[in-house]
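This report looks at how helices, aromatic rings and nonpolar side chains are arranged in one protein chain. The structure is shown first, and the reading follows.

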Amino acid sequence: ENDTCVATVSDGPVNMKERATCPICKMTVKFPTKMSRIESDQLHIERRVKSNGDFSQGSTKRHKQKKYIARKYMDELLANKEAYRKLCGIEYHHVENMRIRKEISESMGVLHAVANACGKLGIAGSEGGISLRNVFIVDLCSGKGMTTAICGAMNEDASNNKFLAIDKMLPHTVPHFIHSNSKLEYLCRDVMSEELCAELEGRVKEQVAMGRVP
C-alpha cells in the first residue's frame with residue numbers, strides 16, 4: 001500500500017519466522033514485526049488475568065501497579081488504530097528490540113507527562129489522552145526511537161508539532177520513519193557536548209518563532 005508493507009493484525013499468534021524485503025533499505029527483515037504481536041499478546045494477558053487473578057502470588061503491590069499501568073498503556077496504544085497500524089508497518093522494523101512492551105510503556109508514560117504539562121499550559125488538544133498541539137519535543141538518547149515513533153504516528157494531523165530525536169547512532173542506521181515524516185528529525189550528536197547545548201539553544205529559538213512550545 002503506497003509502496004509500504006503493512007502488517008495484518010489478527011487475534012492469533014504471529015509467525016515470527018516470516019520475512020519480507022523492506023522497500024526502503026532493501027534488507028530482508030522479520031515481518032510481521034514484534035509490534036504486530038502486541039494486540040494478540042494483550043488479549044492473551046487479559047484472558048490470563050481474568051482466569052487466574054491479577055498476578056502471581058507473592059508479587060508486591062508496587063509490582064502489580066507497574067504491570068497494571070503497562071497493560072493500560074498497551075490498551076491505549078491499541079485504541080488508536082491508525083497509529084498502531086502505522087507502527088506495524090515495515091518502515092518501523094528498526095524500532096524492534098527484545099523489550100518492546102517495556103519500551104512502549106516507558107514512552108507512553110513520558111508522553112502522558114508531556115500532555116499533562118501541555119494541559120497546565122493551556123495548549124493541549126481537546127481530544128484528551130496524548131493529544132499534542134504546538135509543541136517542540138526533544139528526545140535525548142533516543143536509541144531506536146520508540147518515543148519519537150509513537151509521537152509521529154499519533155500526531156500526523158494538522159497539529160503544529162515538531163519532534164527531534166538525538167543520539168549517537170549514525171544517520172544511515174536511523175529508522176526509516178524519521179526520514180519520511182516532515183514532523184520528525186534526527187541529529188547524530190554527543191548529548192554531553194557543549195556544542196549540542198549551543199545548537200539546541202538555537203533550535204529552541206527557531207521553534208518558538210514558529211509558534212511551538214519547547
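Helices H1 and H4 are roughly perpendicular to each other, because their axes cross at roughly 90° and angles of 65 to 115 degrees count as such; in this predicted model, the axes of H1 (residues 38-52) and H4 come within 12 Å. On the side of H1 the contact is made by Ile38, Asp41, Gln42 and Ile45, and on the side of H4 by Ile100, Arg101 and Ile104. Sorted by class, this contact has four nonpolar, one polar and two charged residues.

Ile38 and Ile104 also appear in the largest nonpolar core, which holds 37 residues, and they belong, with Met35, Leu87, Met108, Leu132 and Ile150, to those that touch the most other members. Among the elements that give two or more residues to this core are helix H2 (61-79), helix H5 (146-154) and strand E4 (162-167). Met108, leaving aside its neighbours within four places in sequence, is in contact with Tyr73, Glu76, Leu77, Ile130, Ile150 and Met154. A second, separate core of six residues includes Leu164, Ile166, Leu196 and Leu200.

The count of aromatic pairs comes to one. The ring centres of Tyr92 and Phe177 are 4.6 Å apart and their planes lie at 10°, so the pair is stacked, given that planes under 30 degrees apart count as stacked. The two residues are 85 residues apart and link distant parts of the chain; the table gives their burial.

| Residue | Location | Relative accessible area |
|---|---|---|
| Tyr92 | loop between H3 (81-87) and H4 (100-121) | 7%, buried |
| Phe177 | helix H6 (residues 176-179) | 1%, buried |

Terms used
Residues numbered from 1 in each chain as written. Predicted model: local features only at pLDDT ≥ 70, side-chain atom pairs only at ≥ 80, totals over all residues. Heavy atoms only, no water. Phe/Tyr/Trp six-rings, centres within 6.5 Å; stacked < 30°, edge-to-face > 60°. Helix = DSSP H or I, 4+ residues; strand = E, 2+ residues; numbered from the N terminus. Buried < 20%, exposed > 50% of the residue type's maximum accessible area, 1.4 Å probe, protein only. Axes fitted to C-alpha atoms, helices over the stretch in contact; angles between N-to-C directions. Parallel < 35°, antiparallel > 145°, perpendicular 65-115°, else oblique. Contact = heavy atoms within 4.5 Å. Nonpolar A, V, L, I, M, F, W, Y, C, P; charged D, E, K, R; others polar. Core = buried A, V, L, I, M, F, W, Y, C linked by side-chain atoms within 4.5 Å.
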